[in-house]
Amino acid sequence: RINDSMGHEVGDQLLVEVANRLRGQVRANDIVARLGGDEFAVVLRNSGGRHDLLGLAEKVVAVLGRPVRLNGRDLVISTSMGITQAPHDGDSASQLLRNADLALYASKRRGKNCVEFFNIDMQREASQLMQLEEDLRHALSSRQLALAFQPIVNIEQDRVVAFEALVRWQHPEQGLLMPGHFIPAAEQSGLIIPLGFWVLRSVCQGLVARIEAQRDLVPVALNISPQQFRDKHFMTEVAAILRETGVPPDLLEFEITESTLMDNLDATIAILNALKGLGIRISIDDFGTGYSSLALLKQLPVDTLKIDRCFVKDIGENEEDRQIIQAVIAMSAQLDLDVIAEGVETVAQRDLLHAFGCRQVQGYFYGRPVIGAIPDTGRLLPHTAD
Ligand code: C2E
Ligand code: CA
Ligand code: CA
Ligand code: CA
């Protein structure tokens, strides 16, 4: 299933176009094959040296990058390429393909439209990744994961209005690991699914414990990964955890990134409606990094936009970032959505956001994520202490 950036499916026509363009770049007895999904293999005989190969690869990337006219619109394809050479990089087709795949992943990590040759370090990295996955599997079953909670603050009322739950890994040898270290591996291995449900269950249990202890209560937001969101058992499992813990669903907010939501819009709307049906609130995380239009947003049953930290960072100096933030705030007012600005570290950032009409922020200025149980709402406002 292949979608364009607006979420429309463009599968077969696009694949045929790609195959034709690839064929146009190679000789008659070379092989162009589709491996599945949006991946192709090109096998060249007597391909020449590295230099020639790189020249050809870059030409292919350029040719594939020319707009494709489909359904009256121009689509632009980006290409990532990994290259292996026989016999140097492997002596069987399967090994060459496996190593090309490692090179492909390395090229994807570098960004769009990159070409990468296989090298032996990639195998070492792959086995480190496998080790990480094994450790993480163990961590899940042996209580090495923990949650940190960071306040989301209403800056007009100086009040904590919610917390975001952020996962941490207390690794027995390596110490405290941040999600950037292990979430990608969890995504790649599928472990993100049990990890995500562990986070949800823990948050629900934490909220119920506060209710039973008659402590103050604000909603808790948690992150839903792309894979989790697309998992076919997602809704049943969420419903089961709500039932099992008895948490009031309106105390939960699911944060889903803009790019995850925009990938296959029809499915997205169905899942969001089902979540809303359960009473769960929805935020669009990292907003502004994708390409959502007002028209698109109108279709989504969401409650909150979280403006990505990268726009807040240089808000004082960067006019463009300021304009984006102001546009997002104006857009959300029109759609009656809440806005949260992420990554607020300084009083200057806070004041500018306030002047733009943003009422909710999250960031080190008001409080870092703190490991432990869900905190009380009263005690995390450093700038009100004076
Ligand atoms: P995110 O959802 O955008 O979460 C906000 C990240 O920004 C957190 O990083 C938080 O500690 C950090 N942050 C908050 N305020 C500031 C600030 O003022 N300045 C700076 N520089 N950073 C700030 P963290 O905890 O390392 O998490 C990184 C990412 O990992 C999260 O980004 C989220 O995408 C992912 N993540 C964290 N927990 C989970 C989880 O339970 N499940 C899933 N699927 N992903 C998670
Ligand atoms: Ca792909
Ligand atoms: Ca988040
Ligand atoms: Ca975010």
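**Pairing, packing and the ligand shell**

Tutor: Strand β7 and strand β16 (residues 370–371) run antiparallel and are joined by 2 bridges, with Phe149 standing opposite Val370 of β16. This is a predicted model, in which local features need pLDDT of at least 70 and side-chain atom pairs count only at pLDDT 80 or more, whereas totals for chains, interfaces and linings use all residues. Residues are numbered from 1 along each chain as its sequence is written, while chains are lettered from A and ligands numbered from 1 in the order in which they are written.

Student: What makes β7 and β16 a pair of strands?

Tutor: Two strands pair if DSSP finds at least two bridges between them, and β7 and β16 have 2 bridges, so the pair satisfies the definition. The strands themselves are DSSP runs (E, at least two residues; helices are H or I, at least four), numbered from the N terminus.

Student: How do you know that β7 pairs with β15 and with β8 as well?

Tutor: With strand β15 (residues 360–362), β7 pairs in the antiparallel sense over 3 bridges, and the partner of Val153 there is Val361. With β8, β7 runs antiparallel over 10 bridges, Asn154 having Arg159 as its bridge partner. These two strands form a hairpin with 4 residues between them, and Asp158 in the turn has a positive phi of about 50°.

Student: Which residue of the hairpin of β1 and β2 takes a positive phi?

Tutor: Gly37 does, with a phi near 55°, in a hairpin that has 2 residues between the strands. Strand β1 (residues 31–36) and strand β2 (residues 39–43) are antiparallel over 5 bridges, and Ala33 is partnered by Ala41 of β2.

Student: Why are α8 and α10 described as they are in their relative direction?

Tutor: Helix α8 (residues 234–245) and helix α10 (residues 265–278) pack at about 10°, with their axes 11 Å apart; the axes are lines fitted to C-alpha atoms over the stretch in contact, with angles from 0 to 180 degrees between N-to-C directions. Angles under 35 degrees count as roughly parallel, over 145 as roughly antiparallel, 65 to 115 as roughly perpendicular and the rest as oblique, and α8 and α10 are therefore roughly parallel. Met235, Val238, Ala239 and Leu242 of α8 meet Ile271, Ala274 and Leu278 of α10, contact being C-beta atoms, placed from the backbone, within 7 Å.

Student: How is the angle between α4 and α5 to be named?

Tutor: The helices pack at about 90°, with axes 10 Å apart, and are therefore roughly perpendicular to each other. Leu129, Leu132, Glu133 and Leu136 of α4 contact Phe182, Ala185, Ala186 and Ser189 of α5, which gives 6 nonpolar, 1 polar and 1 charged residues.

Student: What makes a residue count as near ligand 1, and which come nearest?

Tutor: The C-beta atom, placed from the backbone, must lie within 6 Å; of the 24 residues around ligand 1, Val167, Pro179, Ser225, Gly363 and Tyr364 come nearest. Elements giving two or more residues to this shell include β8 (159–171), α5 (179–189) and β12 (281–287).

Student: How do the residues of that shell divide by class?

Tutor: They divide into 11 nonpolar, 8 polar and 5 charged, where Ala, Val, Leu, Ile, Met, Phe, Trp, Tyr, Cys and Pro count as nonpolar, Asp, Glu, Lys and Arg as charged, and the others, Gly among them, as polar.

Student: What is the geometry of the peptide bond from Ala86 to Pro87?

Tutor: That bond is cis, with omega near 0°, and Pro87 is found in the loop between β5 (81–83) and α3 (93–110).

Notes. Contact = placed C-beta atoms within 7 Å.
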